[in-house]
Amino acid sequence: MIRIKTINIEGREIERTFESVSDILTNWWDENGTDLPGGDDEVLEVTMDGKSIRSIRHFAKLIQELESFFWRGVSTIKKMEEREQVNNQDFSKSIGNRVTEYCPHCNEEITLEWDVTEHGYQAFCARCGRKLMLCSECLYKEDLCDWSEETGYCYRQIEQLWKDLEQIIFKEDEEYRLVLV
């Protein structure tokens with residue numbers, strides 16, 4: 001709530017109350033501006049939310065101050081929105097490779113930085129060192145799990161095994177057998 005007390009050129013004191021800075025500025029920017037004092041009217045008192053604002057001599061100067069205040073606020077809001085957007089993107093990037101799984105061997109919840117597209121769906125528990133399947137990542141992507149307790153494997157492990165085998169370089173020896181390089 002903003003209260004402005006002015007004296008017009010005829011010497012009459014006029015007091016007006018506005019809901020916000022934007023209400024005043026919208027009225028000022030409007031060509032009519034009939035609800036506001038003239039630019040050269042003397043300002044006696046200005047209060048915002050019950051707090052007195054430093055003395056400003058003429059209404060036009062008050063408008064300049066309010067415009068500055070308004071645009072700083074808009075700029076600050078834009079900067080805050082941009083910062084929040086960047087923070088959200090940074091957060092998305094930071095959790096993009098963060099995986100949390102429950103280790104069935106040591107009964108602990110393990111969180112690790114892991115890219116399943118690069119490293120596959122099998123990791124090792126940071127606490128007990130045993131095999132840790134990243135089933136939540138698989139279910140997140142495809143809503144499918146074919147892990148078999150009987151074999152101890154799922155199709156993701158077989159898929160990764162073939163990818164790993166592609167990286168192995170063989171050569172033929174004199175007897176035409178494949179030998180690891």
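**Exercise 1.** Is Phe 59 buried or exposed? Locate the residue and list its contacts.

*Solution.* The model is predicted: local features need pLDDT of at least 70 and side-chain atom pairs count only at pLDDT 80 or more, while totals for chains, interfaces and linings use all residues. Residues are numbered from 1 along each chain as its sequence is written, and side-chain values use heavy atoms, without hydrogens and water.

Step 1. Phe 59 lies in helix α2 (residues 59–96); helices here are DSSP runs of H or I with at least four residues, strands are runs of E with at least two, and both are numbered from the N terminus.

Step 2. The relative accessibility of Phe 59 is 0%, so the residue counts as buried (buried means under 20% relative accessible area, exposed over 50%, partly exposed in between, with a 1.4 Å probe and protein chains only).

Step 3. Leaving aside residues up to four places away in sequence, Phe 59 touches Ile 4, Thr 6, Trp 28, Leu 36, Pro 37, Gly 38, Gly 39, Asp 41 and Val 43 (contact means heavy atoms within 4.5 Å).

**Exercise 2.** What separates the C-alpha atoms of Phe 59 and Thr 6? Describe the setting of Thr 6.

*Solution.* Step 1. The two residues are 53 residues apart along the chain, and their C-alpha atoms are separated by 7.9 Å.

Step 2. Thr 6 belongs to strand β1 (residues 2–7) and is buried, at 0% relative accessibility.

Step 3. Beyond residues up to four places away in sequence, the contacts of Thr 6 include Arg 12, Glu 13, Val 43 and Phe 59.

**Exercise 3.** In which order do the four strands form the open sheet? Place helix α1 against the sheet.

*Solution.* Step 1. The order is β2-β1-β3-β4, with antiparallel pairing (two strands pair if DSSP finds at least two bridges between them).

Step 2. β2 (13–18) and β4 stand at the edges with a single partner strand each, so one side of each has no neighbour in the sheet.

Step 3. β1 and β2 run antiparallel and are joined by six bridges; Ile 7 stands opposite Glu 13 in β2.

Step 4. Helix α1 (residues 21–29) packs on the sheet and touches β1, β2 and β3, its direction making about 45° with that of β1 (axes are lines fitted to C-alpha atoms, for helices over the stretch in contact, and angles run from 0 to 180 degrees between N-to-C directions).

**Exercise 4.** Where is Asp 49? Give its phi and exposure.

*Solution.* Step 1. Asp 49 sits in the loop between β3 (42–48) and β4 (51–52).

Step 2. The phi of Asp 49 is positive, near 50°, in a residue other than glycine.

Step 3. Asp 49 is exposed, with a relative accessible area of 61%.
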